[in-house]
Amino acid sequence: MLVTAYLAVVVLLALCVCLELAARRLTPPQPAASAVANPAFRGFQTVFLRAYLLALWADWLQGPYLYKLYRHYSFLESQIAILYVCGLASCVLFAPIAGWLPQALGRRQTCLLFCLAYSACCLTKLSRDYFVLIIGRVLGGLSTSLLSTAFEAWYVHRHVEVRDFPKEWIPGTFTKAATWNHGLAVGAGLVANLLAEWLHLGPVAPFLLAVPCLLCCGWVVLTDWGKEETEGGLEGDKQALLGAPNAAPVRMSAKARFSRSCLEGLRCLLSDRRVMLLGGVQALFESVLYIFVFLWTPVLDPHGPPLGIVFSCLMAASMAGSLLYRLATSTRYRLQPGHLLCVAVLMAFFSLFMLTFSTAPGQPRPHESFLAFLLLELACGLYFPSVSFLQGRVIPEEKRAGVLAWFRVPLHLLACLGLLALHGEVSGTGGGEEGSGTRHMFGGCAVMMLAALLSVVSLFTLGRNDTDLKLEGTRGEGEM
């Protein structure tokens, strides 16, 4: 497995370079020329990305060795499953708060809260006390929720309401962030492996490295973002303009806006069957990914691979999938995102089906499991841009935040139930066959992915003549 992991990361990175060159040759640059030529916009974008990419880097550093750290502390698999469930449950609980906090506390202040909470989460990994580690998982759930909302809220607010840049320039910033995000994920695995295994600092070392990264992120938010707000004029938050006596009514209106957003999202979800089916696909597919995040380490670690390198392989496979999506939807090939979504779900089902055999008790086949994991990550690279495109077409923009909030509830609940079922099986078997719980869990995930595939087929049977589900270039004579 050692040689396989190093060979795989070299091959996958070479593949990504080739796909990137091919994608650049076939797809035109996305940002408008006026955005590229605008120095004020470029400076504003750089200020945002400097902090956001530091936050993403700190987040990725914690991926490769989390399960390994808990095993290093001699916790049982059933106990580790409960720790993961605590993290997922806190995501469910804090998701509404994370959507409300930027409006009530302030966008920049919420980003600072993220830096502090995530730093505290990393520092809890120094303790072997189970209760302290549970607190760390709760803080991690809060931080993950804030990462997905607060930074974007600050950028969009400053971009549109303060700087008055065109809305069409917003996707260019997040496309650039997504491109960097893949590279950061691959690099985080390599750096984590360097610290934990090559330098023999142990599995806690990547978490400790994440702390100064988060502090640097907080410093950029405190200084550069503060300077941006000062030079760009008063922030659009009404509290700053109305003063302290009127702060409470504004906060109440923020709560009312958030409640109204959730209510309108629920109405949209229940009134449009396309939205319901798309939400079912997302809940089933992404809950399986959460379970996969828990299971990949115990499946491969007994066979001695460098976990950081394996993590980089998985992230490189995901990057390859996203590049394949760019190629497939380019003006040369013009494949539909809906078809690619179906391919992604089918690939994920096949990989999970493989894992039910490669993880058989008493006769594990780690190389086949590793290949199945890479296939699953390749499917993820195709899945996320496909489902993002369809969400943008099916869900009205003004209701999107509320609908996506409702999507995340069954997603996290399904993942929690899966891990609790694994915990019950592992703790209840006692001296039973080792690894049978893992194999059964992959079998259950395969069934969930089959249900997701049926939902995708139903969605496109329902909307086979719906032009909203197709790329611009395939609508009659329109250009792409």
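The secondary structure of this protein, a predicted model, comes to 18 helices and zero strands, where helices (H or I, at least four residues) and strands (E, at least two) are DSSP runs numbered from the N terminus. Residues are numbered from 1 along each chain as its sequence is written. Because the model is predicted, local features need pLDDT of at least 70 and side-chain atom pairs count only at pLDDT 80 or more, while totals for chains, interfaces and linings use all residues, and side-chain values use heavy atoms, with hydrogens and water left out.

Of the 480 residues in the protein, 51% are buried; buried means under 20% relative accessible area, exposed means over 50%, and partly exposed lies in between (1.4 Å probe, protein chains only).

**Helix 7**

Helix 7 (residues 130-147) has 18 residues and spans 25 Å from its first C-alpha to its last, which is close to the 26 Å expected at 1.5 Å a residue; the expected span is 1.5 Å times one less than the number of residues. Its buried residues, including Leu-133, Ile-134 and Arg-137, pack against helix 3 (39-61), helix 4, helix 5, helix 6 (107-123) and helix 8. Arg-137 also lies over the face of Tyr-84, at 5.0 Å from the ring centre; a charge sits over a ring if NZ of Lys or CZ of Arg is within 6 Å of the ring centre and within 35 degrees of the ring normal.

**Aromatic pairs**

A search of the whole structure finds 29 aromatic pairs, in which rings of Phe, Tyr and Trp (its six-membered ring) have centres within 6.5 Å, and planes under 30 degrees apart count as stacked, over 60 as edge-to-face and the rest as tilted. One of them is the tilted pair of Phe-75 and Tyr-130, at 5.2 Å centre to centre with 55° between the planes. This pair links Phe-75, in the loop between helix 4 and helix 5, with Tyr-130 in helix 7, 55 residues apart. Phe-75 is buried, with a relative accessible area of 9%, whereas Tyr-130 is partly exposed at 24%. The rings of Phe-285 and Tyr-383 have centres 3.9 Å apart and planes at 5°, so this pair is stacked. Phe-285 lies in helix 13 (residues 273-300) and Tyr-383 in helix 16 (residues 366-394), so the pair ties together parts that are 98 residues apart in sequence.

**Positive phi in two loops**

The table gives two residues that have a positive phi although neither is a glycine.

| Residue | Phi | Loop | Relative accessible area |
|---|---|---|---|
| Ser-74 | about 70° | between helix 4 (66-72) and helix 5 (77-104) | 59%, exposed |
| Asp-164 | near 60° | between helix 8 (150-162) and helix 9 (170-198) | 61%, exposed |

Technical notes
Contact = heavy atoms within 4.5 Å.
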